[in-house]
Amino acid sequence: MNLLEEATSVGYIARSTPKGVELITEIQRLKKEKNAVILAHYYVDGEIQELADYVGDSLGLSQAAEKTEADLIVFCGVHFMGETAKILNPTKKVVVPDFNAGCSLADSVPVAEFAALKAKHPNAVVVSYINCSADIKAMTDIICTSSNAVQIVESIPADREIIFAPDANLGRYVAHKTGRELILWEGACMVHIDISLEKLAVLKQEYPEALLIAHPECKEVILKEADYVGSTTALLKFVETSPNSTFIVATEAGILHKMKQSVPHKHLIPAPANEQNTCACSECPYMKMNTLEKLYNALYYELPEINLPEATRVPAYKALKAMLEVSA
């Protein structure tokens with residue numbers, strides 16, 4: 001099969017790296033040669049974060065994608081993030097290391113069912129968490145991230161109904177913080193809802209001096225136990241500025257790479273998952289589909305590429321721009 005067929009059927013370019021190629025050196029060379037930028041989420045492996053031109057959460061990555069002057073964007077994260085970069089950069093080529101790197105939240109919102117919910121509330125303002133497909137973004141009035149969800153909801157007139165999708169845990173957190181009633185879509189992040197309350201209790205007994213910090217995608221019972229709740233970037237800033245020296249971090253464990261770089265003298269403990277795994281932490285299997293070899297192949301072959309029809313991209317762009325203007 002040819003390269004395009006391979007990228008389409010397999011989801012990534014599965015060809016082995018040529019002998020003698022040193023991946024990191026070659027990725028850096030190709031990046032300069034092709035005027036490419038590598039954007040990476042905090043949740044991908046540390047070796048990819050080290051190669052990226054920008055590492056951040058969904059809000060920061062959206063802002064970086066909008067501002068880039070690169071010809072080629074290589075997005076190391078999950079599929080909806082690559083779509084977001086394409087929505088903001090229709091004339092640029094956007095590729096991802098693995099098309100199969102999806103998102104449980106994005107998968108939880110079928111278009112037809114979401115359209116039915118909107119039809120029941122025709123006057124509602126639709127606020128969609130950025131962790132959704134381009135099709136759902138196109139049905140949205142304004143996008144939010146965990147960094148700005150409270151700010152976005154507060155910007156909406158008090159007399160307007162609000163549909164909030166797809167993360168119900170984040171929605172409940174925002175409703176509590178703002179005092180607004182929200183019509184919630186009952187979606188959830190498979191990683192954050194798998195954090196174990198029982199195992200956390202054991203950890204807190206073992207480390208009584210530790211502060212529990214949590215992402216608002218966690219279940220409400222976890223958030224009630226937390227000493228601080230915030231977006232991925234907010235959690236990073238908290239451990240940097242807090243006088244405390246020990247933290248239990250209730251979010252995807254990839255953020256620990258950046259945290260350890262920022263505060264190497266502090267003790268950072270990943271929150272445990274219900275599932276038994278080798279790291280005894282919460283890991284997103286989709287984020288971990290990003291590998292150095294797939295990154296090299298995406299950069300070298302410029303596949304798999306994200307493409308969107310204008311009928312989807314244009315309304316999705318309006319919803320994203322509305323967010324970026326509020327968050328400027």
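## Starting at C284

C284 touches V191 and E252, not counting residues up to four places away in sequence. To find C284, look in the loop between β12 and α15 (292–301). Is C284 buried or exposed? With 11% relative accessibility, C284 counts as buried, because the cut-off for buried is under 20% relative accessible area. Keep in mind as you look around that this is a predicted model.

## Three cysteines at one spot

C284 has company in the records. An unreviewed UniProt entry lists C103, C189 and C284 under the annotation "binding site". These residues span 182 residues in sequence, yet no two of their C-alpha atoms are more than 9.4 Å apart, so they gather at one spot. C103, C189 and C284 also belong to the lining of the largest cavity.

Now for C189. You'll find C189 in the loop between β8 (183–184) and α11 (197–206). C189 is buried, at a relative accessible area of 11%. Setting aside its neighbours within four places in sequence, C189 is in contact with S104, L105, D167 and E217.

## A longer list from the same kind of record

UniProt (unreviewed entry) also places the feature "binding site" at H41, S58, Y129, I130, N131, S146, H215, P216, E217 and T232. Which of these help line the largest cavity? The lining takes in H41, S58, Y129, N131, S146, H215, E217 and T232. E217 is also one of the contacts of C189.

Two other positions on the UniProt list, I130 and P216, are worth a visit of their own. I130 lies in the loop between β5 (125–129) and α8 (134–137). How much of I130 is accessible? I130 has a relative accessible area of 1%, and since buried means under 20%, I130 is buried. Leaving out neighbours within four places in sequence, I130 is in contact with S58, S62, F80, T84, K137, I143, C144, T145 and L320. One of those contacts, S58, is also on the UniProt list.

P216 sits in the loop between β9 (211–214) and α12 (220–225). P216 counts as buried, at 1% relative accessibility. Beyond its neighbours within four places in sequence, P216 is in contact with S146, N169, L170, Y173, L223, V229, G230 and S231. Among these, S146 is another position on the UniProt list.

## A four-stranded open sheet

Next, a sheet. Four strands, in the order β2-β1-β3-β4, form an open sheet with parallel pairing. Why do β2 (54–56) and β4 (93–95) each have one side without a neighbour in the sheet? They stand at the edges with a single partner strand each, so one side of each is left free of a neighbour there. From one strand to the next, the twist averages 20°.

Look at β1 (residues 36–41) and you'll see it pairs with β2 in the parallel sense over three bridges. Across this pair, L39 stands opposite Y54 in β2. Helix α5 (residues 79–88) packs on the sheet, where it touches β1, β3 (72–76) and β4. The direction of α5 makes about 155° with that of β3.

## β11 and its partners

How covered is strand β11 (residues 246–250)? Mostly: five of its five residues are buried. Both faces of β11 are covered, with T246, I248 and A250 buried on one side and F247 and V249 buried on the other.

β11 pairs with β9 in the parallel sense over four bridges, and here F247 in β11 is the bridge partner of L211. β11 also pairs with strand β12 (residues 267–270), again in the parallel sense and over four bridges. In that pairing, I248 has I269 in β12 as its bridge partner. Put β11, helix α14 (residues 255–262) and β12 together and you get a right-handed β-α-β unit.

## Helix α13

Last stop: helix α13 (residues 232–241), where T232, T233, A234, L235, L236 and V239 are buried. What do the buried residues of α13 pack against? They pack against β9, β10 (228–229), β11, α14 and β12. T232 is a familiar name here, as one of the positions on the UniProt "binding site" list and part of the lining of the largest cavity.

Key
Residues are numbered from 1 along each chain as its sequence is written. This is a predicted model: local features need pLDDT of at least 70, side-chain atom pairs count only at pLDDT 80 or more; totals for chains, interfaces and linings use all residues. Side-chain values use heavy atoms; hydrogens and water are left out. UniProt positions are given in the numbering used here, feature names are shortened, and annotations may be inferred rather than shown by experiment. On a 1 Å grid over the protein atoms alone, a cavity is a set of points where a 1.4 Å probe fits but cannot get out, and a pocket is an open set with protein on both sides within 12 Å along at least five of seven lines; lining residues have an atom within 4 Å of a point. Helices (H or I, at least four residues) and strands (E, at least two) are DSSP runs, numbered from the N terminus. Buried means under 20% relative accessible area, exposed over 50%, partly exposed in between (1.4 Å probe, protein chains only). Contact means heavy atoms within 4.5 Å. Two strands pair if DSSP finds at least two bridges between them. Axes are lines fitted to C-alpha atoms, for helices over the stretch in contact, and angles run from 0 to 180 degrees between N-to-C directions. A crossover is right-handed if, with the strands pointing away from the viewer, the path from the first strand over the helix to the second runs clockwise.
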